[in-house]
Amino acid sequence: MRHRRLLAAMLPVPALVLAACGGTDETAAGVDESALVVYSGRQEALVQPIIDDFTEETGIEVSVRYGNTAQLAAQIIEEGDRTPADVYFAQDGGALGALAKEGMLEELPANLLDTVDPRYRAEDGTWIGTSGRARVIVYDPDQLTEDEVPDSVFELTDPRWKGKVGVAPSNASFEAFVTAIRVLEGEDVAREWLDGMAANDVQLFDNNVLILNAAEDGIIALGLINHYYWYEQVAEEGLDAVPARLKFLPDGDPGALVNVAGVGVLAATDRDDDALRFAEYLLGESAQTFFADVTKEYPLIAGIPLAEGLPPLDSLQSPDIDLSDLDTLEETLQMIEEAGLT
Amino acid sequence: MSELVVRGLEKSFDGTQVLRGLDLDVPAGSLAAVLGPSGCGKTTLLRVVAGFEIADAGTVTVGGAVVAARGIHLPPERRRVGVVPQEGALFPHLDVAGNVGFGLPRSAHRAARVGELLELVGLLGYGDRMPYELSGGQQQRVALARALAPDPALVLLDEPFNALDTGLRAAVREDVCSALRTAGATAVLVTHDQEEALSMADLVAVMAAGRIAQAAPPGELYTAPSDLGVATFVGDAVVLDAVATSAGADSPLGKLELYDSGVRGPGRVVVRPEQVVLSNAANGVVGTVTGTVFYGHDAVVRVSVSAPGGHVPVAARCQGLPPGVVIGDTVGLRVVGPVTFFPAA
Amino acid sequence: MAVPRTLVRMPGAAAGGGRRQRPPLVLVVPALVAAGVALLPLAYLVVRSLDGGLGEFVETLWRERTLRLTLRSLGLAVSVTIACLVIGITLAWLTTRAKLPGRAGWAVVVALPLAVPSYVAAYTWLAAFPTIPPFVGSVLVLTLCCYPYVLLPVAAMLLRSDPALEEVARSLGRGRMATFLSVTLRQVRPAAAVGALLVALYVLSDFGAVAILRFDVFTRVIYTSYRSSFDGTAAAALGLVLVAITSAIVWAEGRSRGRASQARIGSGAPRRLRTVALGRSGTAAGLGFAIVVAGLALAFPLGSLTYWLVQGGAAELDLAALGGAAVSTIAVSALGAVLTTVLAIPVGVLAARYRMRHVRAIEQASYAGHALPGIVVALSLVFFGVRYAYPIYQRTPLLVLAYAVLFLPAAVGAVRASVAQSPPMLEEIARSLGRSPGRVLRDVTLPLAGPGVAAGAALVFLTCMKELPATLLLRPTGLETLATELWAETEVAAYAAAAPYATLLVLLAALPTFLLGHRRRSVTLDVHGGGA
């Protein structure tokens, strides 16, 4: 009898479920229908403080959907014209470029675009970089001096480094870097380099932090990472607690690539003004300072103090490359896969 | 009370025809037994009547209402046909009262009606027991009460006593019989047990190869089977070649008295073993004892009798084992009473 | 009278044969709805793969990579399934039929790894052994997370199957091992097949573990393909291949299930289970096996999480966020479990009761979503949600619907198995007593199948709690679950910050798992009490 009542009670449930969800979830999720909707491929911890400040300053409520940069881009493309998103804040230019190609981003005004070096924004003005990160080599000073660290990633295929180099091949930054090699040096050089790395028993990691840790523990002699992982760790634990050191590569080597996080405004938005204000806010002084202080990234507007010990952006001898050209990820992935670096 | 009328019923499974144009009439208020060997299709007949299976052809009428016919298939819940399945099949999640009251509408009278039925089957006071707390016989009686509760036009019982011990079976059978009569229900009992069929039913329908071979009151069925198949299926039978004349039938057991059939010529006679009387006589018809089987209340002596073209086996039923009969003895045989004659085709 | 009484039971009676009646609409219509829902991702994949034209579609498939991925995916699925069968059946036998010290406790403990999300397990193993080879790591992690899918149904089957068969085998001169191989294994085959199917489908659709351990299979490539090309044509084409593989596996399982009916209509005599004494070395080996499996599958990830928790310190713990995430996790998962079960009931009842071609088609359709990576299912619902159900887009109902698409098979399997246990005759009797098909479902079928259906719901509930990719894409903006918070932290490699979410997720998921492990006895009692 007991079961019977229970199950009898369950039968009309589908309607109930839908009704219940429909009724409760706005309040549960705290979503305000009138809020500006931002799809953020960047982490909540790195974005939410800025958004809180933005709301406080402008009175514009913001509702943020956090996710993976690429996944959100795929979602926006799938949503098409009906996307709830007004702004897309992405971890890299490639995803923004993909949306631009679909014609889903609107052109930003020139006065905003002009605040940033043309190298760090879309040529057609559909998106703009908000912060920069440099590829660097992290090394274990117990095993080698800075001078012994190669000046170019192309030296890493030398037998001398057999089994001593760490990379994170599934990491978006590594993929962008390989794409840069393809764009700068050509497909054959890129393939040769990947094959050489594979033949040289390169050590594979899931992410940059694991490479950094491995270099600190002496498991590898050197590794390819983004600069801010090291600076964050130093800020957290002090320089003495971080045995590994960084080398910024000279002479426009692909291993010195500077990539950016960026923002675009959806063409489908009916809140152009608010969306634009948000984009402008990300390039304002407080947000840029936040990026420099908290994430140890490079601010992209002038006059913002850098993280301690970070060489100035214009002092980096990064390769001269149009970041929009880094959107041919598929070929890169295939090449990485064919080299067996998975 | 309603009568059951079945006409031309056909049903196949995967190309195998199980019912082949079956006709059956069960008068209102009577208890009919459908008797047949395993696999003859009698359970299928029951399931078609209950509405669990859809007939390929034919009609089923219950109390004048057509429940199945070409293009008509009244669902089981609208047929007012109660079913008592093998092994009871009580709802294990409901207590006895819940089972009996399952087919009753929710009303103030429900409890009273449940009590009434439990009393009818002799289980008053068992209402709050769960099925697994009952013996097999009690479960059967609850199943019957459950089937009778909504006052069905017809009750179908599918080998309901199969799972019971021999001792219990007779008692439960009688209880069920009297409960059915008290309720005045029209009932159809499906069984392969001829003793059950002959002892319980007002009407026995013998089923063979998807048809009713003969439907008749038990006595008539036994003494006047409509064909050799029925004759040999219902009761033990000694079948002998014979030639019918106006004075009787000439057979290896001598001249036999016939139920008058008016038919003359060559054919076969059916002799019941209890009609065969053994004696010490060395004249007349004699045979050699080939074996004895003792049943307690009676015994069967198998005798080989010489006949034109060889020997024929004959069984004789005796009150107790006749003293001094051993294998190899020569005994005299005599047939008492009339026998049934079937002319050669 | 001396007519020999035949012992042969009538064919076509209560047990087997001829249910040739058309299934009632009250079941067919909702089952079709469920199948339709489950087929949404497939429809989406077809639309998307043809987006780039047939040429591109064919070109994507006609690559050496496709074959390689197929082999890799199948290799992983087969390896994990075999390992799960060995571990699951052994543990099921040890915890039901053997005199293992603390058997009741072990029965619960060995089911608990079901509560550990594969991506959490993968993280802990990778953190401890950074150089673990991808294939070895994936097989290890997925086996340890999935063997309960085999263990639970097999243990239930062992508890309710007839030990008399084994005793007969022993009396006929078979040794203990030979009896186990020839009789016991044969008895548990249908249950093991269901479990193996769930494992294989899980492995094919799992993304978290293989992504973390860097083993390239379909899901990972589909994901990177979305990431790299954004247009999704290639990803959709690969998704279709995955669906084809799944269909083949589901079909094979259906064949192996064959005509063996799971319904046992006994005299209803409650049977006491007899356990087998193992001897001293046997007991040690049995205990050792249980300890090793539980240690690797449960103690190791929990230990790692505790270590990170302690390292992270309580100071950084955001209790409000943790509590909020826990509440939303439970809420959406419970809704997911309810909707999934409700959709599964008509499909499962049909599958148990009406073995017809179109019923089988409905059942197999319900498996469609299960083999697809969560991101494909999620994107398909984005596609349909935005176009045809905009009011519920990025609202809880659509997320709950995604859970239903993803986890329908587990619930259907549970419903089918538990309905099949009670004789169909009971439903026919109920019909003859005046109940309509719908009310028979409500008053007889479901109450009898209740415990099994509830177990299925519990399984879905805990799987929903662990689900990540669909939750990420379809959750209402601003809603965070334990899984999404965990993902957010691990995305920045903040293991210490992730640890509280992971720990709470495992603990919460352990509750329904505990019930699943614990409940087995009561289910058996229900079954034995019935069928009288």
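Reader: How much of chain A, with its 342 residues, is buried, and what makes a residue buried?

Author: Buried residues make up 50% of chain A. A residue gets that label because 20 or more other C-beta atoms (placed from the backbone) lie within 10 Å of its own; 12 or fewer makes it exposed, and anything in between partly exposed. Keep in mind that this is a predicted model: local features need pLDDT of at least 70 and side-chain atom pairs pLDDT 80 or more, while totals for chains, interfaces and linings use all residues. Residues are numbered from 1 along each chain as its sequence is written, with chains lettered from A and ligands numbered from 1 in the order in which they are written.

Reader: Why is the set of 404 residues called a nonpolar core?

Author: Because its members are buried Ala, Val, Leu, Ile, Met, Phe, Trp, Tyr or Cys residues, joined through C-beta atoms within 7 Å. A:Tyr88 is among those with the most contacts inside this largest core. Helix 16 of chain C (residues 396-420) gives the most to the core, 19 residues; a helix here is a DSSP run of H or I with at least four residues, numbered from the N terminus.

Reader: What makes A:Leu72 a contact of A:Tyr88?

Author: Their C-beta atoms, placed from the backbone, lie within 7 Å, so the two count as touching. A:Val263 is also one of the residues that A:Tyr88 touches.

Reader: How do you know that strands 4 and 5 of chain B pair?

Author: Pairing takes at least two DSSP bridges, and these antiparallel strands have three, so they pass. Strands are E runs of at least two residues. One bridge links B:Val60 to B:Ala68.

Definitions and conventions. Lists of a residue's contacts leave out its neighbours within four places in sequence.
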